[in-house]
Amino acid sequence: MTVSGRRIAVRGVVQGVGFRPWVWRVARDSGVGGRVSNDAAGVTIEAFGSAAALEAFVSRLRQDPPPASEIRELTESEIAPEATSGFVIVESRKTGDLSVSIPADLATCADCEREIFDPHDRRYRYPFTNCTNCGPRFTITREVPYDRPATTMATFRMCAACQAEYDDPADRRFHAQPNACPACGPGLAAVGPGGEPLGWLDPVAAAARALEAGLIIAIKGIGGFHLACDATSTLAVRRLRERKRREEKPLAVMVRDLAAAERLAEIGGEERRLLLSPERPIALLRRRDDSGLAPEVAPDNRDVGVMLAYTPLHHLLLADAARPLVMTSGNLSDEPIATSNAEAVARLGGIADAILVHDREIASRCDDSIARVIAGASTVFRRSRGFVPRAVTVREPFPEPVLACGPHLKNTFCFGVGSSAYLGPHIGDLENLETLAAFEEAVTRMERFLRVSPAVIAHDLHPLYLSTRYALGRPDGVKVGVQHHHAHVVSAMAEHGLEGPVIGLAWDGTGWGPDGTAWGGETLLVREASSERLATFRPVPLAGGDSAIRQVWRVALALVDDAFDGAAPLERLPLFRSLLESEVAVVRQLIRKGINTPLARGVGRVFDGLGALVLSRGVSRFEGQVAMAWNNVADETERRAYPFDVENETTLPAIDLRPMVRAAVEDLIAGTGAASISGRFHNTLARAAAWLVRRARRHAGHLPVVLTGGCFQNALLTERVLAELESSDRVFLHRRVPPGDGGIALGQAVAASAVLRASKGVV
Ligand code: ZN
Ligand code: ZN
Ligand code: FE
């Protein structure tokens with residue numbers, strides 16, 4: 001037999017996901033000798049055998065890789081043949097670049113799930129079961145490289161049976177770092193709200209009974225604690241909301257499997273794929289009328305956030321409780337999610353009736369991710385557990401390490417190293433010291449994991465944001481400010497590998513604009529290093545500044561006053577009949593005199609204002625609540641649209657929505673339903689978007705278009721915009737990086753590097 005040699009380089013998500021043992025098994029089955037090893041960029045295989053055996057080997061490598069892996073590139077080259085005695089897994093080479101070495105957390109695999117429900121298995125009902133295909137990774141890692149002693153599993157000594165699995169390349173648990181069993185691994189316990197042991201013999205079964213009885217249980221998970229209750233019980237959900245001080249924001253629901261999810265919501269092929277993906281995000285789905293969920297789970301929302309069980313503990317609990325459970329982050333509103341047992345007692349003791357704790361520590365806080373299907377494919381809204389710290393590969397390598405500190409709301413940060421951009425976990429709104437502390441902690445940890453000290457620090461232009469102040473307060477690095485909407489567009493470009501220039505529609509609530517107005521309805525001509533404003537929206541005065549973000553009736557008043565030249569028929573509009581005349585008069589004065597009334601161009605604000613007007617809802621209990629309700633009420637079969645104008649057409653065109661507001665007010669007074677008015681409103685914005693794109697292309701050429709900003713989390717708006725544009729248009733939506741502010745740090749990192757490159761005269 002003639003032996004030949006082949007070197008195979010595999011790139012993608014191939015570390016910490018059981019890739020090497022799988023290669024080992026395939027090699028053994030194909031009768032191929034050689035070795036497989038991890039390196040900085042992925043996995044390298046050197047294989048030797050007959051031409052036919054090598055052929056079979058490579059074709060199987062391409063066909064069915066392990067479920068959590070993702071092969072992005074597989075290249076082969078001839079090498080000199082060697083005599084081998086079998087196939088071996090080579091220990092990790094210590095290389096300078098450790099950046100790829102920590103995998104993201106993985107949902108429980110089907111094999112592990114089978115074991116925990118098998119009474120004859122030694123892991124029967126064991127809540128910490130995992131293998132190379134599944135289990136915690138990033139959240140248990142303290143140091144790099146990712147190896148058991150560097151994780152919070154270091155304190156558990158494997159028993160002989162577990163060690164044998166760990167050492168056997170043929171075993172599913174070969175080098176599974178968190179490998180454990182009831183004899184040697186972490187254990188579960190139930191404590192009361194004050195931390196006192198409850199002495200429950202079977203904490204899972206007892207917790208399930210408590211949930212059935214309507215109690216609230218805090219549960220230690222992968223990246224933090226959840227608060228759980230019976231999602232079908234109005235009483236339980238109400239009690240949870242009261243105690244958590246979360247009045248109306250939708251709560252996520254967890255179910256055991258796809259069949260259970262199908263009983264709650266409409267699920268198509270793409271939704272199914274999303275729910276079952278190893279990241280197991282919360283998928284936003286259209287709720288079924290007969291879902292049986294308590295309406296309080298997601299008040300006036302036709303969608304519901306659903307995720308499938310992603311740890312053995314979830315599977316066991318849901319099997320015992322036999323009902324969908326609310327699983328919301330374990331915090332008081334606006335605080336970071338609790339991660340340690342002591343923190344849970346201190347912060348969740350006032351909310352939960354009992355707390356399920358365990359002794360495997362969470363090293364990194366990581367909230368659940370959120371995604372939804374838009375225009376036939378999924379888009380991540382919150383990129384956290386399951387995704388972090390996986391990198392986004394960028395087109396042009398970062399010349400020097402960059403830290404981008406992200407935005408103010410829905411903060412994430414981003415490290416740029418080499419060709420990789422590492423977005424950190426969801427931090428939340430940087431509005432209090434607890435969140436700022438969580439931000440600093442997460443930045444420091446990621447810095448340590450990547451072993452970089454950033455030479456460039458990118459930040460928002462708003463001088464008062466805590467993220468900006470953190471950036472400017474750092475002793476190291478060149479500071480580069482990046483405008484909010486420029487960063488939005490560049491994040492979309494980076495995701496799709498677009499060099500630019502592109503035409504970017506950046507529509508959101510608010511972002512600091514260089515002209516002293518709050519931007520948010522911008523059409524920009526963007527290169528990575530620069531941005532030119534092509535068009536915007538006619539601004540709306542925000543009486544009282546930020547207080548108008550909650551007091552959305554103020555935006556409604558500003559819109560109708562502007563549209564009717566100060567003579568709006570307020571007495572015929574129910575919203576204003578419900579408000580005090582004196583209050584309305586005061587705000588009118590603020591607007592007319594321009595006192596504490598910044599101008600805002602955010603399309604999100606128009607959603608707030610028109611939603612308030614038509615739905616007669618003056619106040620948002622959380623940012624964007626009325627805008628969301630306004631989106632939710634839309635009749636999707638509505639085809640009509642309202643007129644709009646364009647002002648300053650020759651200089652800086654601005655979409656003038658006054659004709660739309662007048663027509664909507666007429667409709668409202670004539671008794672047209674909110675569903676039709678909302679549908680027409682969405683169609684109007686879609687036509688405005690199409691007009692903006694056509695005009696920008698006349699001005700700048702037939703460039704690619706990106707849609708970015710929080711408004712493009714609105715599936716109806718996004719789909720209508722796509723329908724208004726010609727099919728040949730190269731239009732890019734966010735997919736793996738959030739369209740909202742959670743994706744902005746990536747754009748900041750890429751833009752800041754490009755700015756510095758340009759300033760040094762390097763092209
Ligand atoms: Zn598994
Ligand atoms: Zn064991
Ligand atoms: Fe934004």
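# A walk through the predicted model

Start by selecting Val560. Leaving out residues up to four places away in sequence, Val560 touches Ala568, Leu570, Leu573, Phe576, Leu613, Val661 and Val665. Keep in mind as you click around that this is a predicted model.

**Out from Val560 into the core**

Now widen the selection. Val560 is among the residues with the most contacts inside the largest nonpolar core, along with Leu317, Trp507, Phe576, Leu610, Leu613 and Leu685. This core has 109 residues. Which helix gives the largest share of it? Colour residues 674–700 to see: that is helix H21, which supplies 11 core residues.

There is also a second, separate core, this one of 40 residues. To find it, select Leu274, Leu293, Leu348 and Ile351, which are included in it.

**Zoom out for a moment**

Show the whole chain as a cartoon. You should be looking at 23 helices and 31 strands. The C-alpha trace spans about 90 × 65 × 50 Å along its principal axes. How does the radius of gyration fit with a compact globule? For 763 residues, such a globule would come out near 27 Å, and the protein has 27 Å, so the two agree.

Switch on a surface if you like. About 28400 Å² is exposed, with carbon and sulfur atoms supplying 51% of it. Of the 763 residues, 61% count as buried. Now think about the chain path: among contacts with a separation of 6 or more, 71% are between residues 24 or more positions apart.

**The zinc ion**

Next, select ligand 1, the zinc ion, and show the side chains around it. Its protein donors are the SG atoms of Cys109, Cys112, Cys131 and Cys134, lying 2.3 Å from the ion. Along the sequence these donor residues follow the spacing C-x2-C-x18-C-x2-C.

Why is this arrangement called tetrahedral? Try the angle tool: the four donor atoms subtend angles of 103 to 120 degrees around the zinc ion, and that makes the site tetrahedral. Four donors count as tetrahedral when all angles lie between 85 and 135 degrees. For reference, the ideal angle for four tetrahedral donors is 109.5 degrees.

While you're here, click on two of the cysteines. Cys109 is buried, at a relative accessible area of 11%. Cys112 is buried too, with a relative accessible area of 1%.

**The iron ion**

Move on to ligand 3, the iron ion. What coordinates it? You'll find His484 and His488, each through NE2, plus Asp508 and Asp741 through OD, at 2.1 to 2.3 Å. The spacing along the chain is H-x3-H-x19-D-x232-D.

Look at how the two aspartates get there. They link distant parts of the chain, 233 residues apart. Asp508 belongs to strand E23 (residues 502–512), while Asp741 sits in the loop between strand E31 (731–733) and helix H23 (744–759). Both Asp508 and Asp741 are buried.

Run the angle tool here as well. The four donor atoms give angles of 87 to 171 degrees, and the site is irregular.

**Glu279 and a cis proline**

Select Glu279, in the loop between helix H8 (269–276) and strand E11 (282–287). Is Glu279 buried or exposed? Its relative accessible area is 11%, so Glu279 counts as buried. Aside from neighbours within four places in sequence, Glu279 is in contact with Arg385, Gly386, Phe387 and Arg390.

From there, click on Pro389, in the loop between strand E16 (377–382) and strand E17 (391–393). The peptide bond leading into Pro389 from Val388 is cis, with omega near 5 degrees.

Then jump to Pro501, in the loop between helix H13 (484–496) and strand E23. Here a cis peptide bond joins Gly500 to Pro501, with omega about 5 degrees.

**Last stop: two asparagines**

Finish with two loop residues. Asn596 is in the loop between helix H17 (581–593) and strand E27 (599–600). Its phi is near 45 degrees, a positive value in a residue other than glycine. At 52% relative accessibility, Asn596 counts as exposed.

Asn648 is in the loop between strand E28 (645–647) and strand E29 (654–656). Phi of Asn648 is near 50 degrees, again positive in a residue other than glycine. With a relative accessible area of 45%, Asn648 is partly exposed.

Definitions and conventions: Residues are numbered from 1 along each chain as its sequence is written. Chains are lettered from A and ligands numbered from 1 in the order in which they are written. This is a predicted model: local features need pLDDT of at least 70, side-chain atom pairs count only at pLDDT 80 or more; totals for chains, interfaces and linings use all residues. Side-chain values use heavy atoms; hydrogens and water are left out. Donors are N, O and S atoms within 2.8 Å of the metal (3.2 Å for Na, K and Ca); water is not among the atoms, so sites may look incomplete. Four donors count as tetrahedral if all angles lie between 85 and 135 degrees; four count as square planar and six as octahedral if opposite donors are over 155 degrees apart and all others between 65 and 115; anything else is irregular. Buried means under 20% relative accessible area, exposed over 50%, partly exposed in between (1.4 Å probe, protein chains only). A nonpolar core is a set of buried Ala, Val, Leu, Ile, Met, Phe, Trp, Tyr and Cys residues joined through side-chain atoms within 4.5 Å. Helices (H or I, at least four residues) and strands (E, at least two) are DSSP runs, numbered from the N terminus. Contact means heavy atoms within 4.5 Å. The radius of gyration is taken over C-alpha atoms; the globule rule is 2.2 Å times the number of residues to the power 0.38. Accessible areas come from the Shrake-Rupley method with a 1.4 Å probe; for residues, only the protein chains shown count as cover.
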